[in-house]
Amino acid sequence: EHTDQYVKDDLWVFENAKQLEIPQEPATRHDGVIRQFHTIKVPILDSAGKVTRTLGVSRDITDKLEQQSLF
């Protein structure tokens, strides 16, 4: 369901050869529960400086967001 945006984000990193930080993005678990993630995507460059792939690191921030909304 959220895959189209993930692909667009990866494409942006490929086209711009820059890091992309996504403060909050949804991801649906296998059981249908939607969790929120903070994600950073970075380009991986070859020796000529061309982007060959991306690397993404995500951290589940759902619980943190829920705690913040209680206050």
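This report walks through the strands, helices and salt bridges of one predicted model.

Residues are numbered from 1 along each chain as its sequence is written, and side-chain values use heavy atoms, with hydrogens and water left out. Because the model is predicted, local features need a pLDDT of at least 70 and side-chain atom pairs count only at pLDDT 80 or more, while totals for chains, interfaces and linings use all residues.

## Helix 1 and the residue after it

Let us start with the helices and strands, which are DSSP runs numbered from the N terminus (helices: H or I, at least four residues; strands: E, at least two). Helix 1 has 14 residues, which at 1.5 Å a residue should span 20 Å. The expected span is 1.5 Å times one less than the number of residues. The end C-alpha atoms of helix 1 are 20 Å apart, which agrees.

What is the phi of alanine 17, just after helix 1? Alanine 17 takes a positive phi of about 55°, although it is not a glycine. Most residues other than glycine have a negative phi. Alanine 17 is found in the loop between helix 1 and strand 1 (20-28). With 39% relative accessibility, alanine 17 counts as partly exposed; here buried means under 20% relative accessible area, exposed over 50%, and partly exposed in between (1.4 Å probe, protein chains only).

## Strands side by side

Two strands pair if DSSP finds at least two bridges between them. Strand 1 and strand 2 run antiparallel and are joined by 7 bridges. They form a hairpin with 5 residues between them, and glycine 32 in the turn has a positive phi of about 90°.

Strand 2 also pairs with strand 3: 9 bridges join these two, which run antiparallel. This hairpin, too, has 5 residues between its strands, and glycine 49 in the turn has a positive phi of about 85°. In this pairing, histidine 38 stands opposite arginine 59 in strand 3.

Alanine 48 lies in the loop between strand 2 and strand 3. Is alanine 48 buried or exposed? Its relative accessible area is 68%, so alanine 48 is exposed. The C-alpha atoms of alanine 48 and lysine 64 are separated by 41 Å, and these residues are 16 residues apart along the chain.

## A look at glutamine 36

Glutamine 36 has its place in strand 2, and proline 26 stands opposite it. Glutamine 36 counts as buried, at 18% relative accessibility. Leaving out residues up to four places away in sequence, glutamine 36 touches Gln24, Glu25, Pro26, Arg59, Asp60, Ile61, Thr62 and Leu65. Contact here means heavy atoms within 4.5 Å.

With glutamine 24, the side chain of glutamine 36 makes a side-chain polar contact at 3.3 Å. A polar contact is a pair of N or O atoms within 3.5 Å; within protein, one must be able to donate a hydrogen and the other to accept it, and residues adjacent in sequence count only if both atoms are side-chain atoms.

## Salt bridges

Side chains of opposite charge can pair when their charged atoms come close. A salt bridge is a side-chain nitrogen of Lys or Arg within 4 Å of a carboxyl oxygen of Asp or Glu. By this rule the count comes to 4 salt bridges. The table shows some of them.

| Acidic partner | Basic partner | N to O distance |
|---|---|---|
| Aspartate 10 | Lysine 41 | 3.0 Å |
| Aspartate 60 | Arginine 35 | 3.0 Å |
| Aspartate 63 | Arginine 35 | 3.4 Å |

Lysine 41 and aspartate 10 meet in a salt bridge. This pair links distant parts of the chain, with lysine 41 in strand 2 (residues 34-45) and aspartate 10 in helix 1 (residues 3-16), 31 residues apart. Lysine 41 counts as buried at 8% relative accessibility, whereas aspartate 10 is partly exposed at 25%.

Aspartate 60 forms a salt bridge with arginine 35. Aspartate 60 lies in strand 3 (residues 51-60) and arginine 35 in strand 2, so the pair ties together parts that are 25 residues apart in sequence. Aspartate 60 is partly exposed, at 35%, and arginine 35 is buried, at 16%.

Aspartate 63 and arginine 35 also meet in a salt bridge. Aspartate 63 lies in helix 2 (residues 62-69), so its pairing with arginine 35 in strand 2 ties together parts that are 28 residues apart in sequence. Salt bridges that share partners join Arg35, Asp60 and Asp63 into one network. Aspartate 63 is partly exposed, with a relative accessible area of 43%.
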